[in-house]
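This report describes a protein model with its bound ligand. Please consult the sequence and the three-dimensional view while reading.

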Amino acid sequence: MKRVFSGVQPTSQIHIGNYIGAIKRFVELQNDMDCFFCIVDLHSVTVPQNPKELYKNSLQLAALYMAVGLDPSKVTLFIQSHVPAHSELAWLLQCNSYMGELNRMTQFKEKSLGKDTVTTGLYTYPVLMAADILLYDTHFVPVGNDQKQHLELCRDISIRFNKKYGETFIVPEPLISKFGARIMSLDDATNKMSKSNENKHSKINLLDSPSKIKKSIMKAVTDSESEVRFDVENKPGVSNLMTIYNILGDLPLEDIENKYEGLGYGAFKKDLVEIVVSGLEPIQSKYEEILASGEVEKVLKEGADRAREVSNEVLNSVKKKMGFVIL
Ligand code: TYM
């Protein structure tokens, strides 16, 4: 069975960009592949975190993973910091990657822009991500478009390591959807929807109330026309809303255009509110059920046990190849 690995940071709330671009794919893959889905808390601390929030968000993300439909009897769900091999391999890979290639990472440039100080962890973040992936003999990595460059680096590191020390790592392939891999911000359709945007109406979180969802969608930027038409270049705001409508409402773009011909943005947005609210409602009620059941910790413990078992094998083979003494 082919292996899949992916991760989501437990920082603040998870939004529909994360869901459409990545998590929804996780659910689709779980029946056909051996999947490892991780709560990447070590990545979160590359920027300042409130410890209490990080703790709460990590457990909430685990509950959310299950609420969207990930089945712990089919997939391995775990917290990254529960598996020390991630940090250990990250160090070994840091000693096999170059400052020149990390200097090119656009996400590092964006995240460090205008900051007085930046942690070295933020700089080496993509190498930890490569370690996450390579530790599980991963074939496929479902991610949104913003992780493409990190995946390319991961491939480069694995190919280089294999050349230097002999076949060790499987070179992973990114799984990036042709459509929906970059959901844009609702307040500015030229930027991606992002957890770090302080305007709460720039995004829709999976746990948002119906009234908040309604407000955010009704406020979402469109354009001065009134035609519901998919045209990313000239109508980025409307096209972004249509993408969400298409994926959550399961209606082809052409049908959406026909349905709202002559009706304007008001009717379109009103229906989109309905679609998003009814799409998130089952996730939200399942989420509450899972949190109340107290099963999250048990699932995470079992997940970490399996993840440790699989990753230790790969880590040991790496250490052997590099010449470390293993007793
Ligand atoms: P993170 O936590 O920022 O995002 C989680 C996933 O959501 C995708 N995503 C989006 N997709 C579509 N539209 C958007 N606006 C949008 N915003 C985010 C991301 O591409 C991602 O797939 N570095 C990663 C976490 C990570 C990881 C890994 C992923 C750590 N180790 C190993 C894969 C494999 C990150 O910060 O994701």
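The sections below treat the ligand site, two helices and several individual residues.

## Ligand site

The model is predicted. In it, 28 residues surround the ligand, and the closest are Q9, Y125, D132, D146 and I183. By character, the shell around the ligand divides into twelve nonpolar, eleven polar and five charged residues. Strand 1 (3-8), helix 1 (16-29) and helix 7 (120-134) each contribute at least two residues to this shell.

Several polar atoms of the protein approach the ligand. A backbone N or O atom of I183 is placed 2.8 Å from a ligand nitrogen, and a backbone N or O atom of M193 is 3.0 Å from a nitrogen atom of the ligand. K195 takes part through its side chain, a polar atom of which lies 3.0 Å from an oxygen atom of the ligand. Taken alone, the ligand would expose 700 Å², of which the protein buries 96%.

## Helix 7

Helix 7, one of the elements that supply shell residues, is mostly covered, with 13 of its 15 residues buried. The helix bends by about 45° at P126. What end-to-end distance should its 15 residues give at 1.5 Å a residue? The expected span is 21 Å, and the end C-alpha atoms of helix 7 are 22 Å apart, which agrees.

A link in space joins this region to helix 4 (residues 85-94), where L89 is found. L89 counts as buried because its relative accessibility is 0%, against a limit of under 20%. The C-alpha atom of L89 is separated by 9.1 Å from that of V127, although the two residues are 38 positions apart along the chain.

## The loop after helix 7

Two residues of the loop between helix 7 and strand 4 (140-142) deserve attention. D137 is located there and has a positive phi of about 50° although it is not a glycine. Most residues other than glycine have a negative phi. With a relative accessible area of 27%, D137 is partly exposed, since this class covers values between 20% and 50%.

T138 lies in the loop between helix 7 and strand 4 as well. Is T138 buried or exposed? Its relative accessibility is 1%, so T138 counts as buried. The side chain of T138 reaches back to the backbone oxygen of I133 at 2.7 Å.

## The loop after strand 1

S12 lies in the loop between strand 1 and helix 1, two elements that both supply residues to the shell around the ligand. S12 is not a glycine, yet its phi is positive, at about 45°. Because its relative accessibility is 40%, S12 counts as partly exposed.

## Helix 12

Helix 12 comprises 30 residues, 264-293. At 1.5 Å a residue, these should span 44 Å; the end C-alpha atoms of helix 12 are 45 Å apart, so expectation and model agree.

Where does helix 12 kink? A kink of about 30° lies at E281, shortly before the proline P282. Just after helix 12, G294 adopts a positive phi of about 70°.

Methods. Residues numbered from 1 in each chain as written. Predicted model: local features only at pLDDT ≥ 70, side-chain atom pairs only at ≥ 80, totals over all residues. Heavy atoms only, no water. Near = heavy atom within 4 Å. Polar contact = N/O pair within 3.5 Å; in protein donor to acceptor, adjacent residues only side chain to side chain. Areas by Shrake-Rupley, 256 points an atom, 1.4 Å probe, with all protein chains shown as cover. Helix = DSSP H or I, 4+ residues; strand = E, 2+ residues; numbered from the N terminus. Nonpolar A, V, L, I, M, F, W, Y, C, P; charged D, E, K, R; others polar. Expected span 1.5 Å × (residues − 1). Bend = angle between axes of the 7 residues up to and from the residue. Buried < 20%, exposed > 50% of the residue type's maximum accessible area, 1.4 Å probe, protein only.
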